[in-house]
Amino acid sequence: MRPDQEIIRRWIEPGSRVLDLGCGDGALLAWLQREQDAHAVGLEIDPANIEQCLASGVAVIEQNLNQGLSNFESDSFDTVLLAQTLQALDNPAELVREMLRIGRKGIVTFPNFGNWKSRLDLLLRGRMPVSDFMPHQWYDTPNIHFCTVRDFDALCREGDIRVLARTVVNSRHEGSWAMRAWPNFLGEIAIYHLSRT
Amino acid sequence: MSKNDKSDSLGLVSPQRLAFDEPLALRSGKSLPAYELMVETYGELNPDRSNAILICHALSGDHHAAGYHSEDDRKPGWWDNCIGPGKAIDTNRFYVVCLNNLGGCGGSTGPVSINPETGKHYGPDFPIITVRDWVNSQLRLMDRLGIDKWVAVIGGSLGGMQVLRWAISYPERLHHAIAIAAAPKLSAQNIAFNEVARQSITKDPDFHDGRYLEHGVYPKQGLMLARMVGHITYLSDSSMRAKFGKALAGLEAEQGNFGRDLRSGSLSFGFNVDFEVESYLRYQGEQFSEKFDANTYLLMTKALDYFDPSVDYDGDLSLAFANSDCRFLLMSFSTDWRFPPDRSREVVNQLLRAGKRVSYLEIDADQGHDAFLLPIPRYIHALSAYLGNAHREICGHAS
């Protein structure tokens, strides 16, 4: 299970309707279906991931998030997930708005570009950060909209989005008092639980 | 080589004819007092009768979906690419049922059958059958076979429409609805092509108002034309270029290949067959006209035109699915212009509106509408993965 998924699943109530935007191989949805009796649907574009979803009994729709979510009705899900996909979207702000139209609540996770390692790469090496966790070079990365914890906080303020909870973890999904104290500096993955105001 | 030699082929199979005596009320208001269905089954029904799959055929299909009828058969059943031991619809796991639909010409009661009231062929007097009527007759077959609930009802094109009708009319009788290259209803363009086909048949001098069998003839030219027009809509521009442009087929690039290969190397400067594509269409039309009944063709195109399950719900298809608690898988093909991906997506969106669990794949394929019959790896693997999970969930791990 991906590092952030452990925390996500605690925010999803049993029996709820969950839409996962960029559901990958469907492991999280399969777990939510099995353990939480969730009514789950995932969106995905990678053929291998889609096939894996089908093999695990996860309902998956081949749909490109960059082409919008207008086919989903307002309030049709309890929770809409966007895990580790925000930074790869053409229009992340629009999609976060759409999430909270379709779902009563939203969960967003993203790699925190405000992390000290990223800052250090730029400060000392003068190069765009590359790590095991974010292994792409700047010219071939799918991640075109990196942001920091403070950036996302600002987006929520400006978009009238209520932050129900915010946590940060490192790439091994461990939290600590220090990360809680300096999330934007120490956190590698930011995890937000959102609702409409 | 014997037909039994290939390990993933069903080898020789044989159909059975089942008689039904209870009258079947039809959507048109008419009724069939009694009828027969030609049925083929593959694989073994398990002891708790929980491993059955129904296959619904499309316009020109029949009960012979897989395997061979005799050692001399040149081709296997129409969906042999998908049905067989170890194939996507795995007959080692599933008991697969396929029938020739009512009104067909594969042996089930239809226009070529003898009307008991007159002692002659039904011909044009055979009542118009709709998708709903077919599903009602398939339900009777299901009860006859002692099956409570299908693991899945699967079909492509017009077969996919039967799948949707199953999910709407008898949701408690199937776990999974798998509709491939289907549409929620026909568009004006679809109906227009069907009308051209019907006009070709009914305007043939040998049609005799549909009573051609009594005259010892059949509207061969009309059927040929109908099939030629239909066949064009099953292919894509790119697949036709590839198929009829062998001179350039070796070149990967599609650019420059218009599929204009000549039949004899030079132009005839007459109205004869010049291009390969002309010859191919004539051959396809001719083959088809020799084995298919014209009245059945008319009836099938009408069943397509009339299909619209939203009519009972003020045009809101999502309401039609309100009670459909089965799970759905829809697939479409990128170059299909008969029922393009958008048509499948319309169904998917209505299912989402109805809050249903639906999966949808848009398969990249050059072959147009025909792709649903072909062994396209991503499509086959997806179907296989989906049914593998269905088998685990419904029939347990033992296979």
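# A tour of chain B

Chain B carries 40 positive and 49 negative side chains, and the centres of these two sets are 2 Å apart. Colour by charge to begin. Keep in mind that this is a predicted model.

**Stop 1: the whole chain**

Zoom out and select chain B. Its C-alpha atoms fill a box of roughly 65 × 55 × 50 Å along the principal axes. The radius of gyration is 21 Å, which agrees with the value near 21 Å for a compact globule of 399 residues. Switch to cartoon: 11 helices and 12 strands appear.

Now turn on the surface. About 16800 Å² is accessible, and carbon and sulfur atoms make up 49% of that. Of the 399 residues, 56% count as buried. Take the contacts between residues at least 6 apart in sequence: 70% of them join residues at least 24 apart.

**Stop 2: B:His369**

Select B:His369. It sits in the loop that runs between strand S12 (358–363) and helix H11 (377–395). Is B:His369 buried or exposed? Its relative accessible area is 2%, under the 20% cut-off, so B:His369 is buried.

Show side chains next. Which residue shares a polar contact of 2.8 Å with the side chain of B:His369? The partner is B:Ser157, also through its side chain. Expand the selection to contacts, skipping residues up to four places away in sequence. B:Ser157 turns up again, along with B:Ala181, B:Thr233, B:Tyr234, B:Asp336, B:Arg338 and B:Phe339.

**Stop 3: B:Gly222**

Move to helix H4, residues 220–234, and pick B:Gly222. This glycine is buried, at 1% relative accessible area. Which residues does B:Gly222 contact beyond its neighbours within four places in sequence? They are B:Ser200, B:Ile201 and B:Asp204. Draw a distance to B:Arg198 as well. That residue is 24 places away along the chain, and the two C-alpha atoms are separated by 8.3 Å.

**Stop 4: B:Leu32**

Finish at strand S3, residues 31–32, with B:Leu32 selected. B:Leu32 is buried too, with a relative accessible area of 1%. Leave out residues up to four places away in sequence and list what B:Leu32 touches. One group is B:Glu22, B:Pro23, B:Leu24 and B:Leu26, among the contacts of B:Leu32. Others include B:Leu102, B:Tyr122, B:Phe126, B:Pro127 and B:Ile129.

For a last distance, go from B:Leu32 to B:Val131. The two are 99 residues apart along the chain, with 15 Å between their C-alpha atoms.

Terms used
Residues numbered from 1 in each chain as written. Chains lettered and ligands numbered in written order. Predicted model: local features only at pLDDT ≥ 70, side-chain atom pairs only at ≥ 80, totals over all residues. Heavy atoms only, no water. Helix = DSSP H or I, 4+ residues; strand = E, 2+ residues; numbered from the N terminus. Rg over C-alpha atoms; globule rule 2.2 N^0.38 Å. Buried < 20%, exposed > 50% of the residue type's maximum accessible area, 1.4 Å probe, protein only. Contact = heavy atoms within 4.5 Å. Areas by Shrake-Rupley, 256 points an atom, 1.4 Å probe, with all protein chains shown as cover. Lys, Arg positive; Asp, Glu negative; His and termini not counted. Charge placed at Lys NZ, Arg CZ, Asp CG, Glu CD. Polar contact = N/O pair within 3.5 Å; in protein donor to acceptor, adjacent residues only side chain to side chain.
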